[in-house]
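Reader: I should like to learn how to read the features of a structural model, taking them one at a time. Shall we begin once the model is in view?

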Amino acid sequence: MTELGIVAVGGYNEMGRNMTAIRVDDKIIIIDMGLRLDRVQIHEDVEIDKMHSLELIEMGAIPDDTIMKEIDGNVCAIVCTHGHLDHIGAISKLAHRYAAPIIGTPYTSALIQHQIDSERKFGVKNRIISVKAGGTYQVSDEVSIEMIRAQHSIIDAVFVAVHTPRGAILYACDFKLDRTPTLGEPPAFDRLRELGKEGVVAMIAESTNATRAGKTPSERIAHDMVRDVLLGTEESDVGMIITTFASHIARLNSIMQFATEMKRTPILLGRSMDRYVNTARELGYIELPKKTEIYGNRKDIDKAFKKIMEKGKDKYLPIVTGHQGEPGAILSRVANGDTAYKIESGDKVIFSANTIPTPMTQANRYALETKLKMKGARLYDNVHVSGHAYREDHWELIRLVNPENVIPAHGNIDMHSAYIEMAEDAGYELGHTLHLLRNGEELYLED
């Protein structure tokens, strides 16, 4: 009889530092190795490359993987579902401890390589294997890893199915059931349905937005919202500056298209903007409008702002990092008057992002908005839709896959509670077929 275990390493007590280990007899597959963004004074241009893993574990910033020493078996693969830092940010600090390849889709693999290349403390020599969505990686005769196409707020995201002699274990963190994406294809619903018929022993699902009723709006909705704000105004000659997640390639693609329609030059500013967008362009996921400019280092960013002020703010659309009010990020520098770009009365500042609901980011964002308003900026807030499934999407996925067991992950206790209520409505029983795990625990799946 095959022994199956699920080890909650990180991300089960909180949002971030996601890491799960799946044990199939003596073979272990690790899924995700992430960072907890609010535990380091962090934004998308952060540098933690010189920090030691033990220091980061003590801060609660990366998973405490010391539990892995107590788990019998060998780690055969490290799989990453997508390229967000809360899923790949600890690779450069922890992966070298395991003699196992790192597996990801092409875009995710490229971002992992960037992480490893910039690491200054540890030498990460793990082989990186790129597997496209729809592809499979064979761990052994009886165990394989399948990458199933998903949609999220970053391109090339997947569900991961670990196939075992007893059926599949499906890992569904992070996703949205977007049938009309603006970039890439919808989730592989047919494959998920087939997988459900083949037999799913357990599904580990994010609970991030399980508290929110209804269905997550499609990225097509955000596309139209951004278009409405940028093009739907009579004041077309004022300064405009827009901020969004540097990793949200679909959103950035829409913004650059609209800048061209407005006859403005899109200028992407920020080290992470440079990395995420140029990587997507090099791999052929997007084509940039001809006049697009991208500046990653501080000196070039300052020169670009000076040029915008000299030639006219109405000729450019700066697309910047800093929507959470992170100290040192570009939008905060603008608000503090630390750049050549001056906010004047009537200038529009568009936040195409939500505020991450932690006290620190809420305080930073409040300070940023206050400073911008004091300079006369007109603010457009939350021109955005989430990349995470709402409650009815979770219900739909459970019905589609019909797993024997479900385990909420990627969230705090309130989020897990909401997921548990939904799963109970779907017929699962807490402590029997529905399991609440905390960091450091292993769940044995009885045959």
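Reader: Which residue meets lysine 313 in a salt bridge, and at what N to O distance?

Author: This is a predicted model. In it, the side chain of lysine 313 forms a salt bridge with that of aspartate 347, at 2.5 Å from N to O. Lysine 313 lies in the loop between helix H9 (298–311) and strand S15 (316–320), and aspartate 347 lies in the loop between helix H10 (330–335) and strand S16 (348–351), so the pair ties together parts that are 34 residues apart in sequence.

Reader: Are lysine 313 and aspartate 347 buried or exposed?

Author: The cut-off for a buried residue is a relative accessible area under 20%. Lysine 313 has 10% and is therefore buried; aspartate 347, at 5%, is buried as well.

Reader: Where does the salt bridge of arginine 365 and aspartate 381 lie in the chain?

Author: The side chains of arginine 365 and aspartate 381 meet at 2.6 Å, N to O. This pair links distant parts of the chain, 16 residues apart: arginine 365 belongs to helix H11 (residues 359–374), and aspartate 381 to the loop between strand S17 (378–380) and helix H12 (391–401). Arginine 365 is buried, with a relative accessible area of 2%, whereas aspartate 381 is partly exposed at 47%.

Reader: What is the N to O distance in the salt bridge of aspartate 26 and lysine 27?

Author: For that pair of side chains the distance is 3.6 Å. Aspartate 26 is partly exposed, with a relative accessible area of 43%, and lysine 27 is partly exposed at 25%.

Reader: How many salt bridges are there by this rule, and which residues are linked in a network?

Author: The count is 21 salt bridges. A network of them links Glu146, Arg191, Glu194 and Glu198.

Reader: How should one read the interface of two domains?

Author: The size of an interface is often expressed as the accessible area that is lost when the parts come together. Here the domain assignment gives domain 1 (2–213 + 386–443) and domain 2 (218–378), with 30 Å between their centres, taken over C-alpha atoms. Between them the two domains bury about 2500 Å², of which 54% is on carbon and sulfur atoms. The contact involves 27 residues of domain 1 and 32 residues of domain 2.

Reader: How many salt bridges and how many residue pairs in polar contact are found between domain 1 and domain 2?

Author: The rule finds 0 salt bridges across this interface, while 8 residue pairs are in polar contact. On the side of domain 1 that touches domain 2, helix H4 (residues 106–118) provides the largest share, 5 residues. By class, that side of domain 1 has 12 nonpolar, 8 polar and 7 charged residues.

Reader: What deserves attention in the backbone angles?

Author: Most residues other than glycine have a negative phi, and most peptide bonds are trans. In this model, a cis peptide bond joins cysteine 173 and aspartate 174, with omega of about 5 degrees. Aspartate 174 is placed in the loop between strand S10 (167–172) and helix H5 (189–198).

Reader: Where do aspartate 156 and lysine 263 lie?

Author: Aspartate 156, with a positive phi near 65 degrees, is in the loop between strand S8 (144–149) and strand S9 (158–164). Lysine 263, with a positive phi of about 60 degrees, is in the loop between helix H7 (249–261) and strand S13 (265–269). Aspartate 156 is buried at 17% relative accessible area, whereas lysine 263 is exposed at 75%.

Technical notes: Residues numbered from 1 in each chain as written. Predicted model: local features only at pLDDT ≥ 70, side-chain atom pairs only at ≥ 80, totals over all residues. Heavy atoms only, no water. Salt bridge = Lys/Arg side-chain N within 4 Å of Asp/Glu carboxyl O. Buried < 20%, exposed > 50% of the residue type's maximum accessible area, 1.4 Å probe, protein only. Helix = DSSP H or I, 4+ residues; strand = E, 2+ residues; numbered from the N terminus. Domains from an automatic or database assignment. Contact = heavy atoms within 4.5 Å. Buried area = accessible area lost by both parts, 1.4 Å probe. Polar contact = N/O pair within 3.5 Å; in protein donor to acceptor, adjacent residues only side chain to side chain. Nonpolar A, V, L, I, M, F, W, Y, C, P; charged D, E, K, R; others polar.
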